[in-house]
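Biologist: I should like to go through this structure step by step, with a reason given for each answer. May we begin?

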Amino acid sequence: MPKDVEDYVFITYNGVIKRVKNTEFTAGGHNTKGSRLLKIGEKDTLKDFLPITNEKNIIIQAEKSQVKIGINTITRVSKKATGSSAIKLNNGNKVIGLVTI
């Protein structure tokens with residue numbers, strides 16, 4: 001894992017976001033299976049993630065909208081925890097990505 005990365009921010013297609021501390025992830029050995037990256041609902045999948053170094057804000061882009069939020073407004077949780085809703089999505093609107101600014 002890169003030394004300058006403080007956290008990782010993950011988002012799903014349905015707009016569930018979470019921030020996880022870098023130290024929760026470890027490099028596996030030669031014959032290890034690894035560990036689950038995130039806890040995600042059955043009808044959702046991971047869309048994007050960003051390593052966070054010294055950025056202050058991110059933009060969540062959806063098909064029909066976007067929202068700018070501060071990194072510090074995203075609660076830091078464990079990798080086993082479920083995230084929180086970051087953007088209101090209506091009528092099949094899905095998240096398409098994250099951008100740091």
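Modeller: Certainly; please keep in mind that this is a predicted model. A suitable starting point is Asn 91, which has a relative accessibility of 74% and therefore counts as exposed.

Biologist: In which loop is Asn 91 found, and near what value is its phi angle?

Modeller: Asn 91 is found in the loop between β6 and β7, the latter covering residues 95-100. Its phi angle is positive although Asn 91 is a residue other than glycine. The value is near 50°.

Biologist: What is the strand order of the open sheet?

Modeller: Strands of a sheet pair through backbone hydrogen bonds, either parallel or antiparallel. In this open sheet of 4 strands the pairing is antiparallel. The edge strands, each pairing on one side only, are β3 and β6. The order is β3-β1-β2-β6.

Biologist: Which residue in β6 is the bridge partner of Ile 17?

Modeller: The strands β2 and β6 run antiparallel and are joined by 2 bridges. The partner of Ile 17 in β6 is Ser 84.

Biologist: How many residues does the hairpin between β4 and β5 pass through?

Modeller: Strands β4 and β5 run antiparallel, with 5 bridges joining them. One residue pairing across these strands is Ile 58, whose bridge partner in β5 is Ile 69. The hairpin that joins β4 to β5 passes through 3 residues.

Biologist: Is the pair of rings formed by Tyr 8 and Phe 10 stacked, edge-to-face or tilted?

Modeller: A search of the whole structure finds 3 aromatic pairs. In the pair of Tyr 8 and Phe 10, the ring centres are 6.4 Å apart. Planes under 30 degrees apart count as stacked and those over 60 as edge-to-face. The planes of Tyr 8 and Phe 10 are at 35°, so the pair is tilted.

Biologist: How is the pair of Phe 10 and Phe 49 classified?

Modeller: The centres of the rings of Phe 10 and Phe 49 are 5.9 Å apart. Their planes lie at 25°, so the pair is stacked.

Biologist: How many residues apart are Phe 10 and Phe 49?

Modeller: Phe 10 belongs to strand β1, residues 7-12, and Phe 49 to strand β3, residues 46-52. The pair thus links distant parts of the chain, and the separation is 39 residues.

Biologist: Is Phe 49 buried, partly exposed or exposed?

Modeller: Ring pairs link Phe 49 with Tyr 8 and Phe 10 into a cluster. Within that cluster, Tyr 8 is buried at 8% relative accessible area, and Phe 10 is buried at 4%. Phe 49 has a relative accessibility of 42%, so this residue counts as partly exposed.

Biologist: Which residues form salt bridges with Asp 7?

Modeller: Side chains of opposite charge can pair when their charged atoms come close. The structure holds 2 salt bridges. In one of them, the closest N and O atoms of Asp 7 and Arg 19 are 3.3 Å apart, and in another Asp 7 meets its partner at 2.8 Å, N to O. The partners of Asp 7 are Arg 19 and Arg 76.

Biologist: How many residues apart in sequence are the parts tied together by Asp 7 and Arg 76?

Modeller: Asp 7 lies in strand β1, whereas Arg 76 lies in the loop between β5 and β6. The pair therefore ties together parts of the chain, and their separation in sequence is 69 residues.

Biologist: Which residue of the salt-bridge network is partly exposed?

Modeller: Salt bridges that share partners join Asp 7, Arg 19 and Arg 76 into one network. Asp 7 is buried, with a relative accessible area of 2%, and Arg 19 is buried as well, at 9%. With a relative accessible area of 40%, the partly exposed residue is Arg 76.

Biologist: What distance separates the C-alpha atoms of Lys 56 and Ile 71?

Modeller: Lys 56 lies in the loop between β3 and β4, and at 59% relative accessibility it counts as exposed. Residues touched by Lys 56 include Ile 71. Although Lys 56 and Ile 71 are 15 residues apart along the chain, their C-alpha atoms are separated by 5.5 Å.

Definitions and conventions: Residues numbered from 1 in each chain as written. Predicted model: local features only at pLDDT ≥ 70, side-chain atom pairs only at ≥ 80, totals over all residues. Heavy atoms only, no water. Phe/Tyr/Trp six-rings, centres within 6.5 Å; stacked < 30°, edge-to-face > 60°. Buried < 20%, exposed > 50% of the residue type's maximum accessible area, 1.4 Å probe, protein only. Contact = heavy atoms within 4.5 Å. Pairing = 2+ DSSP bridges. Salt bridge = Lys/Arg side-chain N within 4 Å of Asp/Glu carboxyl O. Lists of a residue's contacts leave out its neighbours within four places in sequence.
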